[in-house]
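The following exercises are to be solved with the structure in view. Each task is followed by a solution that proceeds step by step.

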Amino acid sequence: MSTRDIFDLDQQRAPYAEAVAAAARGDWLRLNVPGHGADPERFDGLAALVGAAPLRLDWPPLLEGLDLGPDSPMERALALAAEAWGARRTWFLTNGASQGNRIAVLAARALGGTLVVQRSVHSSVIDGLVLSGLPAAFVRPSVDPDLGIAHGVGADDLARALAATPDAAAAYVVSPSYFGAVADVRALAGVAHAAGVPLIVDEAWGSHFGFHPRLPAGALALGADLVVSSTHKLGGSLTQAAMLHLAEGPYADRLEPLVQRVFHLTQSTSASALLLASLDVARRELVGGGKRLDASLEAADAMRAAVRAGGRFAVVDDGFGAFPDIVGADPLRVAVDTRVGGVPGHEARRRLMREHGVLVEVATDAAVVAVVGAGAAPSAERFAAALHALPAVPGLERAEPLRLPEPGPVRMTAREAFLAPSTAVPAREAVGRVSADTLSAYPPGIPNVLPGEEITAELVEFLHRTVAAPTGHVRGAADHAVTTCRVVGGR
């Protein structure tokens with residue numbers, strides 16, 4: 001049964017969120033943590049910031065009637081989430097999909113000697129390599145050189161990488177991409193399973209997939225074995241709330257106890273009831289959100305239509321057909337090529353925010369990405385008016401586009417390089433040295449250099465141009481301007 005067909009009476013409930021709300025209405029003398037004691041009068045500064053209700057809903061874990069026991073509201077909420085996404089088991093995460101990625105890599109460490117991983121994964125996957133010590137064999141994604149964005153990997157490329165890695169632990173891919181490109185997960189799962197390994201999918205940007213006929217199918221329904229879902233991104237939970245889903249497949253018996261053990265290793269022992277409850281509510285709203293999702297899709301369609309009608313800018317996914325690894329697009333992502341209209345992406349994002357009060361998710365040198373959350377219905381007219389009011393930047397047509405740098409050679413594992421003695425040297429002197437850090441133009445947080453990779457002149461130039469842009473930022477840099485880079489070894 002597909003997730004969009006599930007709408008029974010149980011799925012209309014949010015048992016954990018309802019239990020938290022009911023407890024908040026009680027007359028309690030709270031002598032436990034959190035220290036604010038749900039007292040908005042004595043903690044008026046906090047109440048002024050967030051309101052009185054969040055204080056009353058802020059319960060600690062391990063309470064009878066909330067999350068203790070085999071039939072607790074929490075266990076019922078987890079079971080409903082697993083049913084909704086078609087999983088054997090689901091875990092609620094309170095440290096984002098980044099926690100899910102770290103869990104997945106740590107669990108994979110027990111399955112083999114090398115992780116076969118898409119090179120354009122999120123930096124949290126690389127963090128997992130550092131924590132686990134698992135070596136990686138990287139598969140290059142397809143890249144749009146004009147827009148400077150990475151898409152996905154094809155099944156043939158994954159098959160070749162697995163054939164060259166006899167000790168593979170798992171295959172790790174991303175779908176959809178930050179720009180909404182959907183990979184052929186069914187084919188990727190077939191390739192991984194034929195090689196005798198599970199397929200792990202970072203579906204951080206696809207938590208809403210499968211809940212409407214116009215949305216792509218979710219990775220679990222297409223054969224993935226372990227799926228990371230950043231529910232807060234488009235699924236409607238609070239920031240930092242995410243899920244991890246395990247499929248009922250050939251690797252489930254092996255993976256489930258590993259994931260459970262690593263989950264306990266990585267999840268806070270003081271997980272936020274607010275975040276957990278928001279996941280329960282988000283699941284209920286996605287399952288029953290037909291009309292709300294209709295409105296979201298209509299809004300996103302109207303935004304794309306307005307971009308096309310203006311004749312100045314371009315819709316990025318109109319060009320996805322040129323890339324054989326892309327089999328679909330997320331209709332709730334509106335990616336706009338602003339450079340073709342005379343505005344660098346970073347400049348467009350800054351002006352949209354400062355001059356028009358319009359916040360877009362991310363910018364590159366060439367494009368911006370607007371996100372329509374599942375259930376949201378933003379004004380297409382306001383977005384289009386702000387976009388088309390942006391002034392062109394003189395001379396942009398003569399400027400060299402900022403292209404993604406090619407990764408340098410791998411010299412050490414991520415863990416070896418991260419933990420090795422290191423020193424910060426001027427960025428230009430770091431060329432030819434081994435990076436001790438993960439450096440990522442952020443967002444989207446796709447690493448441009450990994451611990452253990454050689455730093456190239458092309459990379460340094462890319463990072464310097466990135467931070468020189470109005471909203472440019474490099475995650476993991478030793479300083480904001482990337483004047484120095486941390487490299488393995490002494491001077």
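**Exercise 1.** Determine which residue stands opposite Trp91 in strand 10, and describe how strand 1 is placed in its sheet.

*Solution.* The structure is a predicted model. Step one: the residue opposite Trp91 in strand 10 is Leu244. Step two: strand 1 and strand 10 (residues 242-246) run antiparallel and are joined by 5 bridges. Step three: the two strands belong to an open sheet of 7 strands, whose order is 1-10-9-8-6-2-3 and whose pairing is mixed. Step four: strand 1 and strand 3 (136-139) are the edge strands, each pairing on one side only. On average, neighbouring strands of this sheet are turned by 15° against each other, direction ignored. Step five: although strand 1 is an edge strand, strand 1 (residues 89-93) is mostly covered, with 4 of its 5 residues buried.

**Exercise 2.** In which sense do strand 2 and strand 3 pair, parallel or antiparallel?

*Solution.* Strand 2 (residues 114-118) pairs with strand 3 in the parallel sense, over 4 bridges. Within this pairing, Leu115 has Ala136 of strand 3 as its bridge partner.

**Exercise 3.** Give the strand order of the open sheet made of 3 strands, and identify its edges.

*Solution.* The order is 18-17-19, and the pairing is antiparallel. The edge strands are strand 18 (446-449) and strand 19 (474-475), each of which pairs on one side only. Strand 17 (residues 439-441) is joined to strand 19 by 2 bridges. In strand 19, Arg475 is the bridge partner of Ser440.

**Exercise 4.** Compare the expected span of helix 5 with the distance between its end C-alpha atoms, and state how many of its residues are buried.

*Solution.* Helix 5 (residues 96-108) has 13 residues, so at 1.5 Å a residue it should span 18 Å. The expected span is taken over one less than the number of residues. The end C-alpha atoms are 19 Å apart, which agrees. As to cover, 12 of the 13 residues of helix 5 are buried, among them Gly96, Gln99, Arg102 and Ala108.

**Exercise 5.** Is Leu46 buried or partly exposed, and to which surface feature does Leu46 belong?

*Solution.* Leu46 is found in helix 2 (residues 44-50). Its relative accessible area is 34%, so Leu46 is partly exposed; the buried class would require a value under 20%. Together with Phe43, Leu49 and Val50, Leu46 forms a nonpolar patch on the surface, with about 360 Å² of accessible area together.

How values were computed. Residues are numbered from 1 along each chain as its sequence is written. This is a predicted model: local features need pLDDT of at least 70, side-chain atom pairs count only at pLDDT 80 or more; totals for chains, interfaces and linings use all residues. Side-chain values use heavy atoms; hydrogens and water are left out. Buried means under 20% relative accessible area, exposed over 50%, partly exposed in between (1.4 Å probe, protein chains only). Two strands pair if DSSP finds at least two bridges between them. Patches are made of residues with over 30% relative accessible area and no salt bridge: like charges are joined within 9 Å, nonpolar side chains (Val, Leu, Ile, Met, Phe, Trp, Tyr) within 5 Å. Accessible areas come from the Shrake-Rupley method with a 1.4 Å probe; for residues, only the protein chains shown count as cover. A salt bridge is a side-chain nitrogen of Lys or Arg within 4 Å of a carboxyl oxygen of Asp or Glu. Axes are lines fitted to C-alpha atoms, for helices over the stretch in contact, and angles run from 0 to 180 degrees between N-to-C directions.
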